[in-house]
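Q: Please show me how to read this model one feature at a time, with the general idea before each case.

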Amino acid sequence: MRFVSVLGESPPVDFRDALLHGLAPDGGLYIPEHIPKLPRSFQEYQQISDLPSIGFEVTSLFLGEIPPDSLRRIVERALDFRIPLVRLEENLFLLELFHGPTLAFKDVGARFMAGALSHCLATDRHAVTIAVATSGDTGSAVAHGFHNAPGITVYILYPSGKISNLQEQQMTTLGGNVHAVEVEGTFDDCQRMLKESLQDREVLANCSLTTANSINLGRLIPQLVYYVWGLAQWGRLSGGTEGLPTVVVPSGNLGNLTAASYAKFLGAPIGSLIAATNSNDIMSQYLATGTFHPHPSHKTLSNAMDVGNPSNLVRLRALYADDVAHMRKDIEAIRLTDNETLEEIRRTYQRTGYVLDPHTAVGVAAARRFLARTPASSPVIVTATAHPAKFPEVIQQAIQFAVPLPSQLQDALSRPKQSIRISARYGDWKEVLTGKH
Ligand SMILES: *Cc1c(COP(=O)(O)O)cnc(C)c1O
């Protein structure tokens with residue numbers, strides 16, 4: 001399989017190139033040249049009860065260039081936590097993607113990308129430096145994903161004082177090859193400094209610098225796995241007799257929704273897709289008008305979805321050949337307010353005892369709205385993107401108690417913080433990268 005730029009102005013590349021460079025030379029995101037079909041019937045997938053086996057089958061459709069033994073090892077290491085499908089109510093299921101080390105679904109992509117990159121580097125004995133700018137969740141997933149990966153040095157740039165204590169502890173306490181860089185500025189400063197370094201010839205001469213943000217294909221492809229896996233589990237639970245499920249994806253940058261759409265094109269039995277968003281509702285606007293108007297993001301309680309310029313929309317548009325009418329047949333967008341998010345956390349807790357994180361709550365509220373206007377028999381699967389313990393303030397506000405911290409978070413809280421503190425001047429960051437700080 002080869003990968004092409006959405007802008008169509010660069011030559012096709014293999015996965016290794018797409019992985020190492022992130023963006024194509026023409027500035028476009030990479031997409032698969034075509035979407036293959038799953039090689040087996042879905043009844044057969046329902047018989048497979050281990051996640052890595054499905055993970056290997058799905059990723060090898062795209063990554064045939066990686067020797068099967070190596071790919072299997074990468075998948076086994078990346079997907080070494082469970083992804084259960086939980087029945088919340090009669091027609092409402094949650095696919096819990098948050099049992100990884102940082103308790104959010106981004107662990108899947110970050111861990112797979114780290115493994116794939118280490119594999120590529122081992123074959124040519126290259127060393128790379130990975131840098132990411134983060135407003136919270138991405139940084140910890142990338143830090144954990146790449147921790148102790150051979151040949152890789154990691155820098156996480158984050159705005160000092162502007163992320164939660166839990167998030168900070170998750171990325172500053174690993175040590176080893178992971179360096180947390182605490183910037184006296186905003187997230188935008190972090191991103192600006194990172195971008196400048198990615199184009200700085202002096203820096204690039206000194207180290208092979210790349211980034212692990214969510215546009216990288218190495219993060220997108222493994223996300224297809226849990227849709228095939230989740231649907232197979234649903235088939236086992238339900239006998240597959242209830243009609244095709246609708247899948248609801250709490251969305252921000254639209255990476256997870258893109259993965260779900262790819263899974264539908266692969267042949268996973270998905271009826272339709274719902275992008276559940278907070279008030280940053282670019283997807284609703286795009287589906288309504290067929291035009292894309294990015295706007296500055298605003299802050300909500302589901303902050304990992306506060307994206308005003310979702311980078312993966314170009315991939316979705318490419319998948320539907322820019323035909324918004326076709327996209328509307330498969331994808332709907334539902335927008336929820338912060339009040340509705342809090343209300344949903346309360347309602348679900350009162351009805352079932354289950355505590356939703358604010359992002360998953362947006363998804364469940366969207367699912368209820370959909371179920372209220374469709375026949376009682378159509379099931380809905382919501383991807384549960386984070387563990388509620390990551391958002392104690394919101395949970396407290398909604399249901400007046402704190403969710404116990406899972407052991408992953410307790411460990412992070414008990415370790416000492418280590419960070420490199422710098423100003424928001426580019427020169428400071430450059431000194432870190434060139435070893436002069
Ligand atoms: C990143 C994130 C999202 C949004 O996912 P996208 O792929 O950016 O649309 C939703 N929920 C949580 C918890 C996240 O961390």
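**Reading the ligand site and the helix crossings**

Q: Which kind of ligand atom lies 3.3 Å from a polar side-chain atom of Asp137?
A: A polar contact is a pair of N or O atoms within 3.5 Å, and the partner of the Asp137 side-chain atom is an oxygen atom of the ligand. A polar side-chain atom of Lys106 lies 2.5 Å from an oxygen atom of the ligand, while one of Thr385 is 2.9 Å from a ligand nitrogen atom. The protein covers 96% of the 380 Å² of accessible area (Shrake-Rupley method, 1.4 Å probe) that the ligand has on its own. This is a predicted model, in which local features need pLDDT of at least 70 and side-chain atom pairs pLDDT 80 or more, whereas totals for linings use all residues. Residues are numbered from 1 along each chain, and side-chain values use heavy atoms, without hydrogens and water.

Q: How many residues surround the ligand?
A: Counting residues with a heavy atom within 4 Å, there are 15, and the closest are Lys106, Gly252, Asn253, Leu254 and Thr385. By class, this shell has six nonpolar, seven polar (Gly among them) and two charged residues.

Q: At what angle do helices H3 and H10 cross?
A: Between N-to-C directions, on a scale from 0 to 180 degrees, helix H3 (residues 51-60) and helix H10 (residues 217-238) cross at roughly 125°, and their axes come within 9 Å. H3 and H10 are therefore oblique to each other (not under 35, over 145 or from 65 to 115 degrees).

Q: How does helix H5 pack against H10?
A: H5 (residues 106-124) packs against H10 at about 125°, with the axes 8 Å apart, which makes H5 oblique to H10.

Note on methods. A polar contact is a pair of N or O atoms within 3.5 Å; within protein, one must be able to donate a hydrogen and the other to accept it, and residues adjacent in sequence count only if both atoms are side-chain atoms. Helices (H or I, at least four residues) and strands (E, at least two) are DSSP runs, numbered from the N terminus.
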